[in-house]
Amino acid sequence: MTLKFFNTLDRKLEEFKPLHNNEVRMYTCGPTVYNFAHIGNFRAYMFEDLLRRTFKYFGYKVTQVMNLTDVDDKTIRDSQAAGMSLENFTGQYKQAFFEDLETLNIDPAEFYPAATDHIAEMIELIQVLVDKGYGYQAEDGSVYYRISKFPEYGKLAKIDMENQRAGVRVKTDEYAKDSVADFALWKAWDQNDGDVCWESPWGKGRPGWHIECSAMAMKYLGKTFDMHTGGIDNMFPHHEDEIAQSEAANGCRYVNYWLHCAHLIVNGDKMSKSAGNFYTLRDCEKKGYSGQALRWVLLGAHYRKKLNFTFEACDQAEAALKKFSDLFVRLKSVSIEGNGAEAETIVQAARSSFKAALGDDLNISEALAAVYGLQHEVNKLMDAGKLSSKGAQAVLEQFRDFDRVFALFNVDEAVKEDIPDAILEMARKRFDARKNKDFATADAMRDQLKEAGWTVEDAADGFRVKPL
Ligand code: AMP
Ligand code: ZN
């Protein structure tokens, strides 16, 4: 089965072909560690987690690099406002970031290089650019990239370079498309930088944001690698500048596939502090939502579509998860003999449409439809008393398989309570009696269960047995 992705560079769907046999090398722009990451950031990291897990599901070995931007305009500004050293200031947010990744069950990348640990590599790369005439030191002491020397500049963001003004410079890390300019590779120290600076052939200063990613990507993944991702806001200038730096220095293509996710919005609006709709992951946890439910919501929309985050969606996710875990408990309690043939076709159909959906540019709604379809079919079989325990095992196994990518259902957690078979059998008989409106038998069995130290809870599509 093939994997297809929408490559931003060509603006079309393309079949994925790795450079090295069965291995995918990918670079994902990581957090700027000047605050707790917000749910918009996690939309991007969740899309990358889905991508990474999909590659693994398709049998690839993944080498993923996610950088930590621990020196840039924002980290310096805010560490000074907090009266802390840059290292201590960013250190607390690095730690928080890794905790948040765990909350969301994000599969860790192979490398999380921090910018401040790679200043030497950045200086080396800037030197190559200067030697080749792409970098020049300006009167302000900073080193800039000469975009007029790189005719392909603008190929990712599709900028028409004909009418751009040559020689205009921009020192800040972020700027808009309509202010295309020579950007900073090395920023000469000024007093706003305080004690944050490194020695370089161009005097003391610090790297620009874009060179950080070029240098670290090259170090861990090579001069040309398979895939580079980020949120859509990263496409310009950040990724455009990365291409310009890396391709000029190395004389070869930088990245084969560029993937960008659309933004997360909240209740239909742009998330912003001033609008009062700005949430970190921790804010959502404080409201009582589980990492699993937040993961579900963040995965819920196709990565190239805007994701509208609402707390109603989080409530719905919690309810859906509860339904699934009830289903797993019900499946575990099935005790009908049989060879499992009744489940084979539906399990296989679900598995292949799930995989086909993921391979089709991570079509999440189709993948979810396969999961819901299986849930529906299985409930029908159980209601008709036609699912054998062997069939139920195969269904549970399929949910474990879905979870290699979704990491949502936690089948083993849901069915881990060690319920004796006799108790499960009694609970199942009670459930059947109740379904057949034989309430006297159902009540008697509930009492028996109670005497044995168990309680049984009814749900729309099953039951759950718990110790008293
Ligand atoms: P930053 O820490 O600002 O460099 O952002 C880290 C990642 O989060 C980048 O890939 C951004 O493109 C992404 N990002 C930032 N805001 C949003 C948002 N509202 N929705 C989706 N992704 C975002
Ligand atoms: Zn980056």
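Student: What makes it right to say that ligand 1 sits in the largest pocket?

Tutor: A molecule sits in a pocket if more than half of its atoms lie within 2 Å of the grid points of that pocket, and ligand 1 meets this for the largest pocket. A pocket is an open set of points on a 1 Å grid over the protein atoms alone, where a 1.4 Å probe fits, with protein on both sides within 12 Å along at least five of seven lines. This is a predicted model, in which local features need pLDDT of at least 70 and side-chain atom pairs count only at pLDDT 80 or more, while totals for chains, interfaces and linings use all residues. Residues are numbered from 1 along each chain as its sequence is written, ligands are numbered from 1 in the order in which they are written, and side-chain values use heavy atoms, with hydrogens and water left out.

Student: Which elements give two or more residues to the shell around ligand 1?

Tutor: They are α1 (39-57) and β10 (225-231), helices being DSSP runs of H or I with at least four residues and strands runs of E with at least two. The most comes from α1, with 5 residues.

Student: Why is the approach of D233 to ligand 1 called a polar contact?

Tutor: A polar contact is a pair of N or O atoms within 3.5 Å; an N or O atom in the side chain of D233 is 2.4 Å from an oxygen atom of ligand 1, so the pair qualifies. The side chain of N41 has an N or O atom 3.1 Å from a ligand oxygen, and a polar backbone atom of L264 is 2.8 Å from a ligand nitrogen.

Student: What makes C29, C213 and H238 donors of the zinc ion (ligand 2)?

Tutor: Donors are N, O and S atoms within 2.8 Å of the metal (3.2 Å for Na, K and Ca); SG of C29, SG of C213 and NE2 of H238 lie 2.0 to 2.2 Å from the zinc ion, so they count as its protein donors. Water is not among the atoms, so sites may look incomplete. Along the chain the donors follow the spacing C-x183-C-x24-H.

Student: Where do C29 and C213 lie?

Tutor: C29 is in the loop between β3 (23-28) and α1, whereas C213 is in helix α5 (residues 209-221), 184 residues apart.

Notes
A polar contact is a pair of N or O atoms within 3.5 Å; within protein, one must be able to donate a hydrogen and the other to accept it, and residues adjacent in sequence count only if both atoms are side-chain atoms. On a 1 Å grid over the protein atoms alone, a cavity is a set of points where a 1.4 Å probe fits but cannot get out, and a pocket is an open set with protein on both sides within 12 Å along at least five of seven lines; lining residues have an atom within 4 Å of a point.
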